[in-house]
Amino acid sequence: MENVLDALALYGYLNLEDRIEFELDGVIEKEIAPAYCNENFELCISCMDYTSLKVTDTEKSIVTFVSELLKKLKKNTLPDVASVCVFPRFTSLVKECLVGTPIKTTVVGACFPAAQTFLDVKLAECKAAIAAGADEVDVVISVGDVLECNYEKVYKELVAIREACAGVVLKVILETGELKTIESVFNASLISAYAGADFVKTSTGKVPVNATPETVYVICEALRQFHAQTGKMVGIKVAGGITKIQNAIRYLTIVKHILGEQWLTPAYFRIGTSQLLEDVLKEMKTVKING
């Protein structure tokens, strides 16, 4: 693409605020109740990027983290999660722990979560993670440059990262809680899509405000318009503070409402979480007893 600004001119986000308020409080709210069922609970599990991104993570704690996940899935006869997400230095360790399963190894790259370093360093970290066996890489967009509308700069950096991550799934994190406005979230979503992102992700989980229904709606609308313009499907990943199945089902419902049923697979919908699985298990048992 010659000029990202020319591409952005093809899209519209005006009047989106009124639509969001009307649909989230009305139409989508009514669609959540029938979506609250075991079938969708299992779908949420299969779309999970099961995550440990603690400053206290060690090789021992990560092995335990993955081992307990696999035991839980087997014991409760649950579908496999989509991936396990960790810091880059644990890539080969997680890959080894997941041998014999279809679960992918995801790493956060490009100097997560602030991404405030040299582009060469970002590219080197992504390449090193992929060399160590990463199947998927989550990177943070240059948030400050998005806020200053330096869209060409943001686009070129993401294109360079996309090239460094050739052959693996790339998820671009917008850090929506810091972007704040509909315009910033909408444009950042489109820039990520045009740069070749496989997924647009809401948040790092490391700032005060992470995924919200409003920002997920905006990302979905941008990806819907992108699909209409280009024919390309780009996935969405919600992350940050998603500990309850009620929240996960709300996001799933928003995605289905705006983007359609075809997005509701691990290929196009992900949930980044470290604690959601426990709540899903508890709710599945409750629904089974009451059902």
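What follows is a chat between a biologist and a modeller about pockets, helix packing and one loop in a predicted model.

Biologist: Before we start, what do local features need in this predicted model?

Modeller: Residues are numbered from 1 along each chain as its sequence is written, and side-chain values use heavy atoms, with hydrogens and water left out. The model is predicted, so side-chain atom pairs count only at pLDDT 80 or more, totals for chains, interfaces and linings use all residues, and local features need pLDDT of at least 70.

Biologist: Okay, which strands give two or more residues to the lining of the largest pocket?

Modeller: A pocket here is found on a 1 Å grid over the protein atoms alone, as an open set of points where a 1.4 Å probe fits, with protein on both sides within 12 Å along at least five of seven lines; lining residues have an atom within 4 Å of a point. The largest pocket has 19 lining residues, and Thr51, Thr204, Gly205, Thr273 and Ser274 lie nearest its centre. Strands are DSSP runs of E with at least two residues, helices are runs of H or I with at least four, and both are numbered from the N terminus. The elements giving two or more residues to this lining are strand S7 (235-239) and strand S8 (269-273).

Biologist: And how much space lies in the largest pocket?

Modeller: Grid points get joined across faces, edges and corners, and the volume is the space filled by probe spheres set on those points. For the largest pocket, that comes to about 310 Å³.

Biologist: Which helix gives the most to the lining of the second largest pocket?

Modeller: That pocket holds about 260 Å³ of space, and its lining has 17 residues, with Lys180, Ile182, Thr212, Glu214 and Thr215 nearest the centre. Helix H2 (16-25), helix H10 (176-179), helix H11 (182-195) and helix H12 (213-230) each supply at least two lining residues. The one that gives the most, with five residues, is H2.

Biologist: H11 and H12 also pack together. How is H11 set relative to H12?

Modeller: Their axes, which are lines fitted to C-alpha atoms over the stretch in contact, are 9 Å apart at an angle of about 45 degrees. Angles run from 0 to 180 degrees between N-to-C directions; under 35 counts as roughly parallel, over 145 as roughly antiparallel, 65 to 115 as roughly perpendicular and the rest as oblique. So H11 is, relative to H12, oblique.

Biologist: How many charged residues does the contact of H11 with H12 have?

Modeller: Contact means heavy atoms within 4.5 Å, and it includes Phe186 and Leu190 of H11 and Val218 and Phe226 of H12. Ala, Val, Leu, Ile, Met, Phe, Trp, Tyr, Cys and Pro count as nonpolar, Asp, Glu, Lys and Arg as charged, and the others, Gly among them, as polar. By class the contact has eleven nonpolar and four polar residues, and the charged number is one.

Biologist: What about H12 and H13: how are they set?

Modeller: H12 packs with helix H13 (residues 245-259), the axes being 9 Å apart and the angle about 25 degrees. That makes the two roughly parallel.

Biologist: How many polar residues sit in the contact of H12 with H13?

Modeller: Among the residues that meet are Tyr217 and Cys220 in H12 and Tyr251 and Ile254 in H13. The contact has ten nonpolar and three charged residues, and its polar count is no residues.

Biologist: Last one: which residue follows Phe112 across a cis peptide bond?

Modeller: Look in the loop between strand S3 (104-108) and helix H7 (119-131). Ala110 is in that loop too, and it has a positive phi of about 60 degrees although it is not a glycine. The cis bond, with omega near 0 degrees, runs from Phe112 to Pro113.
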